[in-house]
Amino acid sequence: FATCFLLIAMPPALYLQFEDRAERYVMIKGLIAIVSVVSSVILIVVLRRGVMGWVEAMLVSQVFGCFLFLANGPRTTVRPRLAIAKSLLRFGLPMVPAVLSLFVLLQANRYFLERFEGLAAVGVYTVGFTLGSALAVAVGAFRIGSASVG
């Protein structure tokens, strides 16, 4: 379900990027990161929900982000066009194996950590990974901003 909300939020997120509204995009991504970290800490560390807490925290942050991006997205109605859909499908279909591989790579580390160290280590690792991802968004914003200035 979290992935579904992520995919629903993608078009309005891209809209913000393409319309030169980078400040709003970074602000929303920062809020999502904060919600992700807080919900991860609460569900994994405080409530000791382990992997299930990590899944629930991911769902909470994706739902939150989806609503934020939809609220800040374009105000026009979307009409599907078959020709454009076919073109996009032809262009995007070869990327599916790459995205699935990336998903496996990003999730496999948790499986091995759980197998060798236990669920508690996975919880701590996930909180650190989420915090690191949040910091990567902030650093990426400064990097992109400095590249456009120079």
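## Order of the helices

Read from the start of the sequence to its end, the chain follows the pattern α-α-α-α-α-α. The model is predicted. It contains six helices and zero strands.

Along its principal axes, the C-alpha trace spans about 50 × 35 × 30 Å. Many contacts join parts of the chain that lie apart in sequence: among contacts with a separation of 6 or more, 68% are between residues 24 or more positions apart.

## Surface and charge

The chain has 150 residues, and buried residues make up 22% of them. The exposed area comes to about 10,800 Å², and carbon and sulfur atoms supply 73% of that area.

The charges of the chain are 13 positive and 6 negative. The mean position of the positive charges and that of the negative charges are 9 Å apart.

## A nonpolar patch and helix α2

Part of the surface is a nonpolar patch formed by M27, L31, I34, V38, I42, V45, V46, L47 and F64. Together these residues have about 790 Å² of accessible area. Helix α2, which covers residues 22-46, gives the largest share of the patch, with seven residues.

Two members of the patch show how accessibility can vary along this helix. L31 lies in helix α2, and its relative accessible area of 36% makes L31 partly exposed. V46 is also found in helix α2. V46 counts as exposed because its relative accessibility is 56%, and the cut-off for exposed is over 50%.

V46 can also be used to compare distance in sequence with distance in space. V46 and S87 are 41 residues apart in sequence, and their C-alpha atoms are 48 Å apart.

## A buried serine in the same helix

Helix α2 also contains S39. Is S39 buried or exposed? S39 counts as buried because its relative accessibility is 8%, and the cut-off for buried is under 20%.

Leaving out residues up to four places away in sequence, S39 touches I44, A57 and V60. One of these three contacts, I44, has a number within the range of helix α2, residues 22-46.

## The salt bridge

How many salt bridges does the structure hold? There is one salt bridge in the structure. Side chains of opposite charge can pair when their charged atoms come close. Here the partners are E56 and R49, and their closest N and O atoms are 2.4 Å apart.

Both partners have some accessible area. E56 counts as partly exposed because its relative accessibility is 22%. R49 counts as partly exposed as well, at 38% relative accessibility.

## An unusual backbone angle

Most residues other than glycine have a negative phi. R48 has a positive value, with phi near 55 degrees, and R48 is a residue other than glycine.

R48 is found in the loop between α2 and α3. Is R48 buried or exposed? R48 counts as exposed because its relative accessibility is 72%, and the cut-off for exposed is over 50%.

Definitions and conventions. Residues numbered from 1 in each chain as written. Predicted model: local features only at pLDDT ≥ 70, side-chain atom pairs only at ≥ 80, totals over all residues. Heavy atoms only, no water. Patch = residues over 30% accessible without salt bridge, like charges linked within 9 Å, V, L, I, M, F, W, Y side chains within 5 Å. Areas by Shrake-Rupley, 256 points an atom, 1.4 Å probe, with all protein chains shown as cover. Salt bridge = Lys/Arg side-chain N within 4 Å of Asp/Glu carboxyl O. Helix = DSSP H or I, 4+ residues; strand = E, 2+ residues; numbered from the N terminus. Buried < 20%, exposed > 50% of the residue type's maximum accessible area, 1.4 Å probe, protein only. Contact = heavy atoms within 4.5 Å. Lys, Arg positive; Asp, Glu negative; His and termini not counted. Charge placed at Lys NZ, Arg CZ, Asp CG, Glu CD.
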